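I am opening these notes to keep a record of what I looked up, entry by entry, for someone who has not seen this structure before.

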Amino acid sequence: MSGPLLVIVGDTLLDRDVEGTVRRVAPDAPAPVLDEESVTDRPGGAGLAALLAAGQGHDVALVTAIADDDAGSRLCELLTEAGIAVYPLPLAGATAEKVRLRAAGQVLVRLDRGGDPVAPGDPSEAALEVLKEASAILVSDYGRGVARNPRLRAALQEAKAPVVWDPHPNGPAPVPNVRLVTPNEAEVRKLADDAGSGPMLSTVHRAGQQLRQRWRAGAVAVTVGANGAVLCHAGSTPLVVPAPNAADGDTCGAGDRFAATAALALASGALVSEAVQQAVTAATEYVAAGGVTVALAPPADKPDRQTEEASRVIARVRAQGGTVVATGGCFDLLHIGHLATLQAARKLGDCLVVCLNSDSSVAALKGPDRPLTGQGDRARLLAALDCVDAVVVFDEPTPEAVLARLRPDIWVKGGDYADGGPDLPEAELMHRWGGQTVIVPYLDGRSTTRTIAAARGHSEGNS
């Protein structure tokens with residue numbers, strides 16, 4: 001980590017925008033027909049808060065519940081590619097999705113998937129450990145159960161870092177003694193059961209003070225849209241923080257930007273009043289700049305056929321209570337040493353997924369004269385082995401992104417590391433979701449480099 005570590009805890013969902021054009025009405029119903037032109041995926045909820053903070057160059061970890069389904073895999077992929085360290089809690093239900101069908105900038109209909117919230121499983125030890133390492137903690141509650149987890153709540157109550165809690169009307173109360181709670185005007189009215197008689201300022205101050213005392217929080221900052229925020233603290237007079245300028249536009253994510261900015265300001269030693277002022281400025285600038293569509297980088301392409309097949313294999317095995325094993329490598333000129341490693345890996349579980357370096361990845365690692373066999377042929381040879389259940393090709397130097405997407409139970413490395421030496425590079429990543437990294441021995445004298453050298457020596461001798 002190069003700077004302060006912001007750990008975000010909360011519910012993540014998948015936002016999917018389907019853009020298209022409407023040119024006609026359906027013949028069988030009085031409904032517009034949307035001709036799909038593009039689909040954009042992005043993390044929502046706590047995932048959006050993490051993405052926005054990471055996009056500003058901050059070190060971010062996300063403790064959230066993610067199901068073993070296609071939407072959950074897509075979320076892991078998007079978050080990991082953004083540089084966010086994901087510590088997933090197991091989720092027996094489906095990943096929540098919000099699908100918006102849009103035409104000419106307008107939402108025609110929103111389809112919600114995932115059903116009623118299901119309580120997630122307990123966090124891994126790695127997730128609890130990262131809370132201890134945090135410089136600041138933001139609880140981004142979207143009412144789906146993560147903030148209710150008893151082990152997480154106990155860890156949050158014991159945390160040394162400042163905690164900012166962004167509440168939800170369907171979620172639990174913040175743990176006692178958090179530094180700052182950040183509801184918006186509608187949320188504070190609902191949470192305090194205040195009908196809102198009288199001017200806005202007196203209403204939100206009354207409701208904010210009621211909640212501050214009920215929750216035993218240090219302060220409550222009520223965001224009031226373009227009017228800025230009202231800080232309710234131990235004194236009887238509220239601090240009104242106006243927006244620095246007028247900002248019209250999409251406010252999606254503005255509350256996340258506000259809360260994350262406040263948390264990071266507190267981590268740097270700012271007073272609560274100073275943190276709220278910084279947060280109001282940041283949220284206003286965010287909306288004025290164009291909101292979420294401008295703040296986020298273009299999304300990655302949809303997962304390819306190989307990755308989708310691997311996800312199906314993993315889902316089937318997990319549905320039966322099985323163990324998912326993965327291994328990786330270049331596998332250029334497949335030889336008996338590779339086979340021994342793959343067979344040993346397959347015996348450790350109920351399916352084996354091979355993460356295969358692409359041609360460009362191999363060239364970057366091994367030099368411009370490698371690989372000798374293209375990725376298509378290498379993938380087909382591996383997939384033809386009885387001990388291999390799926391193959392996924394990746395372009396990066398390391399398989400971290402694909403591992404975060406697939407989340408195997410066991411990651412197998414070859415015997416290079418059998419006698420100690422440097423830490424396994426993927427071990428920390430696996431530890432985040434309670435996975436295990438193991439080593440299996442190589443067959444002595446078998447390696448692709450030696451095979452190539454021997455073949456070249458034989459060829460030169462014959463010449």
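Entry one, a charged pair. I looked up Asp 15 and found that Asp 15 forms a salt bridge with Arg 100, with 3.3 Å between the closest N and O atoms. I then placed the two partners along the chain: Asp 15 belongs to strand E2 (residues 12–25) and Arg 100 to strand E6 (residues 97–103), so that this pair links distant parts of the chain, 85 residues apart. I note that the model is a predicted one, and that in this model both Asp 15 and Arg 100 are buried.

Entry two, a further partner of the arginine. I saw that the side chain of Arg 100 also meets that of Asp 17 in a salt bridge, at 3.9 Å from N to O. Because Arg 100 lies in strand E6 and Asp 17 in strand E2, this pair ties together parts that are 83 residues apart in sequence. I checked the cover of these residues as well, and Asp 17 is buried, as is Arg 100.

Entry three, from the aspartate onward. Which residue makes a polar contact with the side chain of Asp 17 through its own side chain? I found that this is Arg 42, at 3.2 Å, and that the place of Arg 42 is in strand E3 (residues 32–45). Arg 42 has a relative accessibility of 12%, and because buried means under 20%, I entered Arg 42 as buried.

Entry four, a pair later in the chain. I looked up Lys 413 and Glu 426, whose side chains meet in a salt bridge of 3.9 Å, N to O. Lys 413 lies in strand E17 (residues 410–413) and Glu 426 in the loop between E17 and helix H15 (427–432), so this salt bridge ties together parts that are 13 residues apart in sequence. Lys 413 is buried at a relative accessible area of 17%, and Glu 426 is buried at 4%.

Entry five, the wider set. I noted that salt bridges sharing partners join Arg 16, Asp 41, Arg 74, Glu 77, Glu 97, Arg 113 and Arg 405 into one network, and that the structure holds 25 salt bridges.

Entry six, the surface. I turned last to a nonpolar patch on the surface, formed by Val 22, Leu 108 and Val 109, which together have about 220 Å² of accessible area. Of these I followed up Val 109, which lies in strand E7 (residues 106–113) and is partly exposed, with a relative accessible area of 42%.

How values were computed. Residues are numbered from 1 along each chain as its sequence is written. This is a predicted model: local features need pLDDT of at least 70, side-chain atom pairs count only at pLDDT 80 or more; totals for chains, interfaces and linings use all residues. Side-chain values use heavy atoms; hydrogens and water are left out. Helices (H or I, at least four residues) and strands (E, at least two) are DSSP runs, numbered from the N terminus. Buried means under 20% relative accessible area, exposed over 50%, partly exposed in between (1.4 Å probe, protein chains only). A polar contact is a pair of N or O atoms within 3.5 Å; within protein, one must be able to donate a hydrogen and the other to accept it, and residues adjacent in sequence count only if both atoms are side-chain atoms. Patches are made of residues with over 30% relative accessible area and no salt bridge: like charges are joined within 9 Å, nonpolar side chains (Val, Leu, Ile, Met, Phe, Trp, Tyr) within 5 Å. Accessible areas come from the Shrake-Rupley method with a 1.4 Å probe; for residues, only the protein chains shown count as cover. A salt bridge is a side-chain nitrogen of Lys or Arg within 4 Å of a carboxyl oxygen of Asp or Glu.
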